[in-house]
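Here are my notes on the model you sent round. Have it open next to you while you go through the points.

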Amino acid sequence: MVNHEKDSEFSLCTLFPVQQNNGRVVYYACDFSEELGGDVYKGYQCTIIKPDVTHLKPCRIAKEELDLNKEQPVAIKLYDGKQHPSPYQFYASKIATFNMDNRDVLIMDFVDGFHIYPDLQDNPQLKKLTFFQAVDIAWQLILGLNHLHYKNSSGPSIVHGDIKGENIKISLKLDKDNKYKIDVSYLDLDYAKPIVSRVQDVQGTPEHIALELLDGYYSEASDFFALSPLLLSIFGAHNPLQKIIEFRDSHKYMDHAELVRKFRDIDFCTKGLFEHFDKKVEPFLCQLIERFILKMGEKNKQNRPLADAVLEFFTALRQLSLADELKDDRDSYLLRLCVVAQDERWLTDKKYQTLFLNLDENLQNRLIALMNINHYIPLYRVAQENNAPVTLVDELRKNIASYLSQKSLVLIPPSKLVSIFCSPVTQKEVQWLLHCYKHHDFVDFYSPQNEKTRIKLAQCTEKTIAPLIAIVAEGIIKPADVSELSK
């Protein structure tokens, strides 16, 4: 019935009637002459000059019979018979869907702006960005994913599933104050999937597919992995995918899954990062940003930052950039960036030590939750030396105890031969310590029958757990009258 091939003179349009909730019918028309890419075309809201359409099905109509409103464009996607619109499309934009000749049609809001291409030379708009604008775009991209991952009020948490440059639109428009307003949008949710623990079908663009997706396991981390080379592009990398594209072009007949595995052994290229900004960015900040983005793009999922860390990093980075614009104090934002990026240099800087100790307690706890054990122990000692509030010391000790609990699970019982010469701390002994700490059981911990175990734990020399044991033991406080209990 409906032929979407371009008419030689584009004299015909396909008319799409969409009934609103109030019963009113709004019409959209498209002659499929303006391609937007990926079987997506530009259409327009319109009115019929001489209304005689009484049904709600798509139909062909002469363009002369329509009054097209060029100020109200829409995007219209045609699917082949094997594909269908995502059930999660409404998270982005969905005006209406139709079925024509066993093919689905999706009408969406038109999003103006530019895409991100691998080669910086194909991104003239990116080359003109200031550092603050690049940071703002990166932050909005993170917020957009955070919305899909966590903040949905109308449906389940989802992953985008196909993040690539062509599925992002960036709009820069001058406002009434002659300042650029930046808007960032994710397009094409056809591969979106719920965040669940079960295996799901593998889909997406090979250059951006995280390794774990080959096993069907989607998560927030897989979306952030796919985004990482695009973030490098935004900050000026000449072509983050250069080596990957070269490998792809020289292995055109390689199996899809094997191609992805090979891609993941190839590093993203960072040449050119930060070089194009007129106002040069301080080297230390450049190092933090580059390292963090590359961490997001790590081959193994367990080596990538947590989703909360990604949001914290780019939020602090944007706040730092705003502070620079307004010439405000920036140290607290630099501190947050260092903590989240797992940079340990701040722990030996008296200024940043003091700054952390004086942060709001909620912010302290939020940052502690994003630290690793290399931060916990020195920060615990700093807190003690500076008579920090008990709440801070307890929070650090609680996280150290949690880490010790995980480490204890992999403690290997000593062999009989080893036991002749020494007696390493066992999993059972560590678990006893943790039980006493968790339940504030100082009576059992300091009882005479457990004295040997207590001394053994105190004399532990195993470098990976000895300092953890000492800190947890410090949290089992012995009351003044506990000595009376042992008499």
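1. Start with β9 and β10. Strand β9, residues 168–174, runs antiparallel to β10, and seven bridges join the two. One facing pair to look up is Leu174, which sits opposite Tyr180 in β10. Between the two strands of this hairpin there are five residues, and Asn178 takes a positive phi near 65 degrees there.

2. A word on confidence, as this is a predicted model. The mean pLDDT of the protein is 90, with 93% of its residues at 70 or more. The stretch to treat separately is residues 481–487, where the pLDDT is below 50. Beyond near neighbours in sequence, those residues have six contacts in the model.

3. Now the open sheet. Its seven strands pair antiparallel, and going across you meet them in the order β4-β1-β2-β3-β5-β7-β6. Which strands stand at the edges? They are β4 (59–62) and β6 (96–100); each has a single partner strand, so one side of each is left without a neighbour in the sheet. On average, neighbouring strands of this sheet are turned by 40 degrees against each other, direction ignored.

4. Within that sheet, have a look at β1 and β2. Strand β1 covers residues 12–19 and strand β2 residues 25–30, and their antiparallel pairing runs over six bridges. Here Leu15 in β1 stands opposite Ala29 in β2.

5. Next, the open space. The largest pocket has a volume of about 950 Å³. It is lined by 44 residues, and Glu166, Asn167, Tyr186, Leu187 and Asp188 are the closest to its centre. The elements that give two or more residues to this lining are β3 (40–48), β5 (66–78), β7 (103–109), α2 (131–149) and β10 (180–186). So which element gives the most to the lining? That is α2, with five residues.

6. What is the pocket lining made of, by class? The lining of the largest pocket divides into 20 nonpolar, 13 polar and 11 charged residues. Note that β10, the partner of β9 in the hairpin of point 1, is among the elements that contribute to this lining.

7. Last, the enclosed space. How many cavities of 30 Å³ or more are there? The count comes to one, and the volume of the largest cavity is about 80 Å³. Its lining has 13 residues, with Gly161, Asp162, His208, Leu213 and Ala226 nearest the centre of the cavity. By class, the cavity lining holds five nonpolar, six polar and two charged residues.

Key: Residues numbered from 1 in each chain as written. Predicted model: local features only at pLDDT ≥ 70, side-chain atom pairs only at ≥ 80, totals over all residues. Heavy atoms only, no water. pLDDT = per-residue confidence, 0-100. Contact = heavy atoms within 4.5 Å. 1 Å grid on protein atoms, 1.4 Å probe; cavity = no way out; pocket = protein on both sides within 12 Å on 5 of 7 lines; lining within 4 Å. Points joined across faces, edges and corners; volume = space filled by probe spheres on them. Nonpolar A, V, L, I, M, F, W, Y, C, P; charged D, E, K, R; others polar. Pairing = 2+ DSSP bridges. Helix = DSSP H or I, 4+ residues; strand = E, 2+ residues; numbered from the N terminus. Axes fitted to C-alpha atoms, helices over the stretch in contact; angles between N-to-C directions.
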